[in-house]
Amino acid sequence: MEAVCIVQFKVFYRVGVAGEKAVLLDERITDSYYGICFGANVACFGRNWISQFIKTINKPFFIDPVTYVIQFDVENISKEGELKKSYSKLFSEYGLPVMETNKQMKPTDFNDDRLTLFIQKVLDFQKNFTQSASGSQQSLFDYAELLGDPVPSSSKVPEFLIAPYFLFENTDDGWYALNLKILAISKQRSDDIPIYGMICTNFDTLQKSSEVKKIIEDYSKMDGIILWISDLNEYRMNRDELISYLKFINQLKNIKCDCITLYGSYFSMLASKFGLNGISPGIGISEFKRVRDQPTGGTFSNKYYIPEAKTMAVEADARTFYVDNPSTLCTCVICKGEEINTIKDIHSFFEELDSTKAKSHYCMNRYLELEKIKSLSEGELQSILDNDIEFCETNIGQVYKIPFSHLFSWKSAIAKFVSERDDTSS
Ligand SMILES: [Zn+2]
């Protein structure tokens with residue numbers, strides 16, 4: 001399949017727990033995002049509810065195969081000396097041996113036959129994920145049909161499949177060579193679903209131009225690219241690091257390949273102007289993740305998204321700020337239902353703020369931000385950041401515990417990147 005140039009920016013929300021269903025199915029929210037995605041371990045463990053959710057929501061989805069976990073000590077994904085259930089189920093889907101704690105696989109553990117079978121199983125797991133409804137689920141569908149209720153279609157396929165992938169430190173790494181072999185074998189499949197390659201590496205790699213050139217050349221043969229740059233924390237990166245990220249994305253744009261980042265926050269949405277086609281964060285959580293961190297679902301507790309600071313604040317800190325600045329509280333469709341005139345109103349707003357509402361407010365703001373970014377030219381991006389910076393300096397300053405210094409780095413990174421790029425091209 002030929003690579004195509006994608007113009008739409010896609011926000012896929014990574015779903016970790018069943019509680020997010022309510023947010024994503026809320027009709028005020030459903031049009032605010034493009035699709036959903038799951039880690040394969042979560043998908044495998046919650047297969048029934050997840051496949052039903054995918055059918056009900058009827059939106060594009062993909063499954064991250066999370067194959068990298070076997071590179072590291074399985075202790076990371078074990079509990080009391082035994083592999084966690086979600087992973088033992090997944091490993092059996094993938095045809096992997098159950099490994100003992102303190103064991104990890106090496107690139108050389110895969111001979112050709114084993115590798116081919118492994119790739120097939122990983123891709124088939126994603127492709128056929130929604131196919132097998134359990135007996136009890138099927139009888140529920142049959143019953144719904146009998147009553148004349150809408151029955152979700154029998155199966156849905158992902159928007160794209162992701163080839164098995166491993167973290168590589170550099171292009172001389174044995175895992176890099178294995179990744180390329182996997183991509184070559186994956187390409188031979190005759191599916192009608194595109195197959196994407198995952199570039200999973202450390203941030204250092206992005207800062208070496210010869211490495212970047214080789215990686216892009218090697219991955220450009222795929223139908224699309226998923227990026228997982230470990231340590232790419234948009235809130236903590238300095239200007240030059242952010243520029244390296246933009247340069248990398250801009251080079252991917254030149255190969256006209258769909259490119260979506262795993263995780264990602266507002267800065268990655270700004271990067272849509274320079275070639276990025278999508279992000280896949282959790283709702284209000286997991287906007288970045290280090291590959292070597294223990295894979296957990298992440299937790300979302302008592303936080304509220306501050307639209308102008310483009311970050312989540314602890315509920316108590318957000319409340320303190322809005323008690324002093326009630327007129328600046330969000331007016332999105334989720335929050336505006338409340339008549340906010342007094343300090344007492346602010347207190348009751350935060351008392352009623354549960355995680356569903358906080359997440360819905362996050363989704364709604366992401367949507368509004370993206371619509372705004374779409375309508376602006378590259379040059380105007382800096383002026384919307386200027387407005388946010390002015391708001392934060394005037395109203396938040398050093399007084400409240402709401403960080404916003406990342407806005408300065410984002411703005412100067414974009415300004416420098418644009419001027420350097422234009423200098424080179426003129
Ligand atoms: Zn809101």
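Helix axes at an angle over 145 degrees count as roughly antiparallel. In this predicted model, helices H15 and H16 pack at about 160°, and they are therefore roughly antiparallel to each other. Two further topics follow: a strand pair and a residue in helix H5.

**Helix pair H15 and H16**
- H15 covers residues 378–396 and H16 covers residues 406–425.
- Their axes lie 10 Å apart.
- The crossing of H15 past H16 is left-handed.
- H15 contributes Glu378, Leu381, Gln382, Leu385, Asp386, Asp388, Ile389 and Cys392 to the contact.
- H16 contributes Leu407, Phe408, Trp410, Lys411, Ile414, Ala415 and Val418.
- By class, the residues of this contact are 10 nonpolar, four charged and one polar.

**Strands E2 and E3**
- Strand E2 (residues 35–39) pairs with E3 in the parallel sense, over four bridges.
- Cys37 stands opposite Phe62 in E3.
- E3 spans residues 61–64.
- Side chains in a regular strand alternate between the two faces of the sheet.
- In E3, Phe61 and Ile63 point one way, while Phe62 and Asp64 point the other way.
- All four of these E3 residues, Asp64 included, are buried.

**Asp112 in helix H5**
- Asp112 belongs to helix H5, which runs over residues 112–127.
- A residue with 12 or fewer other C-beta atoms within 10 Å of its own counts as exposed.
- Asp112 has 9 such atoms within 10 Å, so Asp112 is exposed.
- Asp112 and Ile185 are 73 residues apart in sequence, and their C-alpha atoms are 10.0 Å apart in space.

Technical notes: Residues are numbered from 1 along each chain as its sequence is written. This is a predicted model: local features need pLDDT of at least 70, side-chain atom pairs count only at pLDDT 80 or more; totals for chains, interfaces and linings use all residues. A residue is buried if 20 or more other C-beta atoms lie within 10 Å of its own, exposed if 12 or fewer, and partly exposed in between; C-beta atoms are placed from the backbone. Helices (H or I, at least four residues) and strands (E, at least two) are DSSP runs, numbered from the N terminus. Two strands pair if DSSP finds at least two bridges between them. Axes are lines fitted to C-alpha atoms, for helices over the stretch in contact, and angles run from 0 to 180 degrees between N-to-C directions. Angles under 35 degrees count as roughly parallel, over 145 as roughly antiparallel, 65 to 115 as roughly perpendicular and the rest as oblique. A crossing is left-handed if the near helix is turned anticlockwise from the far one by less than a right angle, and right-handed if clockwise. Two residues are in contact if their C-beta atoms, placed from the backbone, lie within 7 Å. Ala, Val, Leu, Ile, Met, Phe, Trp, Tyr, Cys and Pro count as nonpolar, Asp, Glu, Lys and Arg as charged, and the others, Gly among them, as polar.
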